[in-house]
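Subject: Structure handover and backbone notes

Dear colleague,

I am passing on the structure below, together with some notes on its backbone. Please read them alongside the coordinates when you have a moment.

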Amino acid sequence: MNIALINTNRIKPPIAPIGLEYVAETLLSAGKPVDILDLCWEDNADAAIKNFFSNNKFDLVGMTLRNTDDCAFTSRQSFVGDFADIVGKVRNDTEAMVVIGGVGFSTQPEEFLSACNADAGIWGDGEFAFLELAHRIESGQNWRILPNLIFYNGSQWIRTPSKIYPPDKLPIMRRKLIDNRRYFNEGGQAGFETKRGCTGQCIYCADPVAKGRQIRLRPPGHVADEIESLLEQGIDHLHTCDSEFNLPTAHAEDVCREMIKRKLGDKIKWYAYCTPAGFSKELAECMRRAGCVGINFGVDSGDPSMLKRLKRDFSPDDIVNSARFCRESGIA
């Protein structure tokens, strides 16, 4: 079974494809070798794709889409056209089954599949779904009944039932399958996850759509192992990829305590997204001891009625208190 994974995100400053690397490590842990084509570093993506497939024959190709657009008001650049173009070029150069996924793709999968010449998509967590897909293709079994798949049956889009995969079943992520050091040198930070999903009801947010509304926790030891592996590669500035690091608070504290126990707080600097809801002085102090130096609170508004309209579950007082606890703890 020959498997390839392609990172299509070429935006600068570069952002390491953590989701793609998690999928690759899960495949390897199950005994399935994988080749990775990282288009971020290719000056000529077309030539890189043609060369990659001219030298290799694959049975399954996975492609990731991290963002639907550049999230910038001034440019409002959509990535749909470029992504569809890359998928088309891959389709022309291989007879393998082409499957697309990623957080950006999962926000509106049918629309992306309509624009791309791919065989199917995986919405939500990709690690175990892609591995099960590879198993089925290799053994000649029907892959269309697997959960979390989207495909066109000739007359309509089929979205198979959702399945929640617990991230504590993932292998320990060593983060050595892509050039994370180069991403760090040219981008400034490395991402890491402590959990997935968000229970928030914020009316504008895509995270629950792409990652689910059920929070699934990673073991604190696995998180610390991953950070230590990145640190061994010379990467000492990191940012959480969680929706909100402090939901739930107890797990955030457990992760911090594990980092403190391993003395990581003396060696790294990391940043997080957090909600002001329930953010405490004790947690701020614990995060600072674990090496956290900055927190981005998505507060949206200081007006109670507007917060209610946005379905935010905190008050202006929570915002003020969170800022004060951070200031007192030495966190920006």
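In which loop does P13 lie? In this model, which is a predicted one, P13 belongs to the loop between strand 1 (3-7) and helix 1 (18-29), and the peptide bond that leads into P13 from K12 is cis, with omega near 0 degrees.

A cis peptide bond also joins L247 and P248, where omega is about -5 degrees; P248 sits in the loop between strand 11 (237-240) and helix 10 (249-261). As background to both of these bonds, and to the phi values that follow, most peptide bonds are trans, and most residues other than glycine have a negative phi.

Turning to phi, N148 is not a glycine, yet its phi is positive, at about 70 degrees. N148 is placed in the loop between helix 6 (127-139) and strand 6 (149-152), and with a relative accessible area of 3% N148 counts as buried, because buried means under 20%.

D300, likewise not a glycine, has a positive phi of about 70 degrees, and its place is in the loop between strand 13 (292-297) and helix 12 (304-309). Is D300 buried, partly exposed or exposed? Its relative accessibility is 44%, which falls between the limits of 20% and 50%, so D300 is classed as partly exposed.

When you go through the model, these are the places to look at: the bonds K12 to P13 and L247 to P248, and the residues N148 and D300.

With best regards

Terms used: Residues numbered from 1 in each chain as written. Predicted model: local features only at pLDDT ≥ 70, side-chain atom pairs only at ≥ 80, totals over all residues. Heavy atoms only, no water. Helix = DSSP H or I, 4+ residues; strand = E, 2+ residues; numbered from the N terminus. Buried < 20%, exposed > 50% of the residue type's maximum accessible area, 1.4 Å probe, protein only.
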